[in-house]
Amino acid sequence: MDKPEEISSSKMYEGYNKRYKHFSPTLGCFMNFHIYFPPTAATQKVPVLYWLSGLSCTDENFIAKSGAQRQASIKGIALIVPDTSPRGLYVEGEADSWDFGLGAGFYLNATQEKWKNWRMYDYVVKELPKLLSENFQQLDTSRASIFGHSMGGHGALIIYLKNLHLYKSVSAFAPICNPINCPWGQKAFSNYLGKNVFDWEEYDATYLLSRYRYKVEAPIIIDQGENDKFLKDQLMPHKFEEACKRAKIPLLLRMHPGYDHSYFFIATIIDDHILHHAQYLGL
């Protein structure tokens, strides 16, 4: 399959949620992704905002639950939502646990032979933008920003920091900020990347800030629910906040009393994120 095949379409806020299927040479399997086209995409090129979802999610969760389409329709932004891991490869053990393997690609390039197809970093950063540029003339992929939730927040932060020339801005909901020091990250990194912790640092946003010098103009936004059961042991936003202060990176960390890790929290705050990215996408 050379071109993406449209497999569903639903009108929403005068734009369209469209789901596509294509074969990914990077991952060695068929992959699905969603695009929300705002109504202005019918007559002009529109900028793109990539959403990276969290553990156990697919490309469907954000489209169905976030409510992001309303503000994206108003501002004229296309939402791009990839899946969270390769599918259909049937690697032994890929479905044994919800926080590793299927639905848990961690947006890295695996180096261990068994997981060699888990290359979600290259898929999101290289293959998918090229596919969009070649097949959807209404998308201006040169104007792009990125955001995500939990594992996807981790992905958005590292991808942005490693590719400042590709993205105008970044934000995250309850991201895994310091995966080297949390159980989710340790499990994923040890299996995908091997035992050398130095290799893990390339996929840890907190460590990236300590290893490299950055010039970031758009403030990074992180929204975190104070009732999130994963806050203390898995997410660690204050570690990232400390690293941003040392690196003189503008960060707005907003703590929200009563909110948890769910899409109810995301839907509550999503408009703020769309408006933030719209500003840096030139809208």
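The exercises below look at the nonpolar cores and aromatic rings of a predicted model.

**Exercise 1.** Find which residues have the most contacts inside the largest nonpolar core, and which helix gives the most to this core.

*Solution.* The largest nonpolar core has 73 residues, and those with the most contacts inside it are Phe106, Leu139, Ile159, Tyr192 and Phe240. Helix H3, which spans residues 120-135, gives the most to this core, with eight residues. Apart from this core lies another one of 20 residues, including Leu49, Trp51, Ile63 and Ile270.

**Exercise 2.** Determine how the rings of Trp115 and Tyr192 are arranged as a pair, and where in the chain the two residues lie.

*Solution.* Start with the geometry: the ring centres of Trp115 and Tyr192 are 5.9 Å apart and the planes stand at 85°; since planes over 60 degrees apart count as edge-to-face, this pair is edge-to-face. Next, place the residues: Trp115 is in the loop between strand S5 (78-82) and H3, whereas Tyr192 is in helix H5 (residues 183-193), so that the pair links distant parts of the chain, 77 residues apart. Finally, both Trp115 and Tyr192 are buried.

**Exercise 3.** Work out why the pair of Phe173 and Phe265 ties together separate parts of the sequence, and whether these residues are buried or exposed.

*Solution.* Phe173 belongs to strand S7 (residues 170-173) and Phe265 to helix H10 (residues 263-280), so their pair joins parts that are 92 residues apart in sequence. Phe173 has a relative accessible area of 0%, and because buried means under 20%, Phe173 is buried; Phe265, with a relative accessible area of 0%, is buried as well.

Technical notes: Residues are numbered from 1 along each chain as its sequence is written. This is a predicted model: local features need pLDDT of at least 70, side-chain atom pairs count only at pLDDT 80 or more; totals for chains, interfaces and linings use all residues. Side-chain values use heavy atoms; hydrogens and water are left out. A nonpolar core is a set of buried Ala, Val, Leu, Ile, Met, Phe, Trp, Tyr and Cys residues joined through side-chain atoms within 4.5 Å. Buried means under 20% relative accessible area, exposed over 50%, partly exposed in between (1.4 Å probe, protein chains only). Helices (H or I, at least four residues) and strands (E, at least two) are DSSP runs, numbered from the N terminus. Rings of Phe, Tyr and Trp (its six-membered ring) pair if their centres lie within 6.5 Å; planes under 30 degrees apart count as stacked, over 60 as edge-to-face and the rest as tilted.
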